[in-house]
Amino acid sequence: MRREWWILIGVVALVWLLFQLETMLMPFIAGMILAYLSDPLADRLERLGLSRTLAVCAVFLLMSVLLAIALLILIPLLMQQIRQFNLMIPGIFAWVQTVLAPQLQDWVGLDVTADLDAIQQTLASNWQNAGEYAAQLLGRVGRSGMAFISWVTYVALIPVVTFYLLLDWDRMMANLRDLLPRQWEPDAVRLGRRCDEVLSAFLRGQLLVMLSLGVIYALGLTLVGVRFGLLIGMVAGLASIVPFLGFIVGISVALLVAFFQFGTWLALVGVVVVFATGQALESTLLQPKLLGDRIGLHPVAVIFAVLAGGNLFGFTGVLLALPAAAVIMVLLRELNDRYKRSTLYGVDGPEHRNEDSP
């Protein structure tokens, strides 16, 4: 059998195995991503004189401290602001019904009062039934105790898998390179480095950009005095995984909250200044320093990859979506380069044309 058929059979078998082991693979894939993200820090600590074990332990200590800070400080504040926002919902509906709806009817002849009443009744009934839904959920968890125990076990396995993968990461990469066929090694190593550049730029760089924007927006809105500034800032920072989406979502919600809270144009100008400052810092400082020009993942490709991965493999697919998209993008670029150099494209390609030719 030809070598290409064996490769095709191996790819099909790998995809089938991923479908069969979807739930079980979650902690291993999550641990692999965390180990990949943490490996540069561990390598840097090694260069400072620490052993690999001490470097990994130091990285885990830092991650534990950051997680503890998030759980002890950010989570209670976010929950408090979410509860306060829930208390504002009736006032928002009242303002829309008494102020905005009559103006819309005068301007465009659109009567939205009936639709608002239906929406408000639906929200009220869902909030009233929230306790009943929670009780049903707890009952199902109690009846399916083994599934709950399995889920907790998978989550608890993530730090364990991350620790051992990070401990042996460099050795595993060297072993994988040693297993490559000798005639494939140069191309495989070159493509692997290109994939690493894209993945590191996107995963590490974009995460830092999202965190920085979340801090800038939350701090700025809090200084302006906008309620729910922390909540809005963090949501806008998370949505910044797609360019301009975090800005659009954040400034829309912040302007709405500031309008209800203050009712003055000065507060709206303050919100615009906060988000304009965040965009200016992102374009002039954050993206050039943290991302550079290596990422190359189009926002539409990011959205499609996440949705497709979640639809195919659930949460495991979401974890695999962006790394897979980056690898596919690098391979497509390689195919495009080889096609441009092939006889099929023709020797009269752009690189062979005279500059004076039309």
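Colleague: Which residues form one aromatic cluster here?

Modeller: In this predicted model, the cluster is made of Phe60, Phe163 and Tyr164.

Colleague: And how do I read a pair of rings within it?

Modeller: Two numbers describe an aromatic pair, the distance between the ring centres and the angle between the planes. Take Phe60 and Phe163: their centres are 5.5 Å apart with 75° between the planes, an edge-to-face pair. Phe163 also pairs with Tyr164, again edge-to-face, at 5.4 Å centre to centre and 90° between the planes.

Colleague: Which parts of the chain does the pair of Phe60 and Phe163 tie together?

Modeller: Phe60 sits in helix 3 (residues 52-108) and Phe163 in helix 6 (residues 145-167), so the pair links parts 103 residues apart in sequence.

Colleague: Are Phe60 and Tyr164 buried or exposed?

Modeller: Go by relative accessible area: under 20% is buried and over 50% is exposed. Phe60 has 18%, so Phe60 counts as buried. Tyr164 has 51%, so Tyr164 counts as exposed.

Colleague: How many aromatic pairs are there by this rule?

Modeller: The count comes to 5 aromatic pairs.

Colleague: Let's zoom out. What does the overall fold look like in terms of helices and strands?

Modeller: You get 13 helices and 0 strands, so to speak α after α: the pattern along the sequence is α-α-α-α-α-α-α-α-α-α-α-α-α. Of the 358 residues, 28% count as buried. If you look at contacts between residues at least 6 apart in sequence, 71% of them join residues at least 24 apart.

Colleague: Where does UniProt list a "transmembrane region"?

Modeller: The unreviewed UniProt entry lists residues 7-33, 53-78, 85-104, 148-167, 207-226, 232-257, 264-281 and 301-332. To read such a span against the model, check its helix content and the separation of its ends. Residues 53-78 are 100% helix and 0% strand, with end C-alpha atoms 36 Å apart. Residues 207-226 are 90% helix and 0% strand, and there the end C-alpha atoms lie 25 Å apart.

Colleague: Now pockets. What is the volume of the second largest pocket, and which residues are closest to its centre?

Modeller: Its volume is about 2,000 Å³. The lining has 41 residues, and Met173, Leu176, Gly192, Cys195 and Val327 are the closest to the centre. The elements giving two or more residues to this lining are helix 1 (3-20), helix 2 (22-47), helix 7 (169-179), helix 8 (185-224) and helix 13 (315-341). Helix 8 provides the largest share, 11 residues.

Colleague: How does the lining of the second largest pocket divide into nonpolar, polar and charged residues?

Modeller: The lining of the second largest pocket has 33 nonpolar, 1 polar and 7 charged residues.

Colleague: How should I read a phi value that stands out?

Modeller: Start with the general idea: most residues other than glycine have a negative phi. Phe228 has a positive phi, near 65°. Phe228 is in the loop between helix 8 and helix 9 (229-239), and at 3% relative accessibility Phe228 counts as buried.

Colleague: One last residue: is Gln279 buried or exposed, and what is Gln279 in contact with?

Modeller: Gln279 is buried, with a relative accessible area of 18%, and lies in helix 11 (residues 265-291). Setting aside neighbours within four places in sequence, Gln279 is in contact with Tyr217, Phe244 and Phe247.

Conventions:
Residues are numbered from 1 along each chain as its sequence is written. This is a predicted model: local features need pLDDT of at least 70, side-chain atom pairs count only at pLDDT 80 or more; totals for chains, interfaces and linings use all residues. Side-chain values use heavy atoms; hydrogens and water are left out. UniProt positions are given in the numbering used here, feature names are shortened, and annotations may be inferred rather than shown by experiment. Helices (H or I, at least four residues) and strands (E, at least two) are DSSP runs, numbered from the N terminus. On a 1 Å grid over the protein atoms alone, a cavity is a set of points where a 1.4 Å probe fits but cannot get out, and a pocket is an open set with protein on both sides within 12 Å along at least five of seven lines; lining residues have an atom within 4 Å of a point. Grid points are joined across faces, edges and corners, and a volume is the space filled by probe spheres set on the points. Ala, Val, Leu, Ile, Met, Phe, Trp, Tyr, Cys and Pro count as nonpolar, Asp, Glu, Lys and Arg as charged, and the others, Gly among them, as polar. Buried means under 20% relative accessible area, exposed over 50%, partly exposed in between (1.4 Å probe, protein chains only). Contact means heavy atoms within 4.5 Å. Rings of Phe, Tyr and Trp (its six-membered ring) pair if their centres lie within 6.5 Å; planes under 30 degrees apart count as stacked, over 60 as edge-to-face and the rest as tilted.
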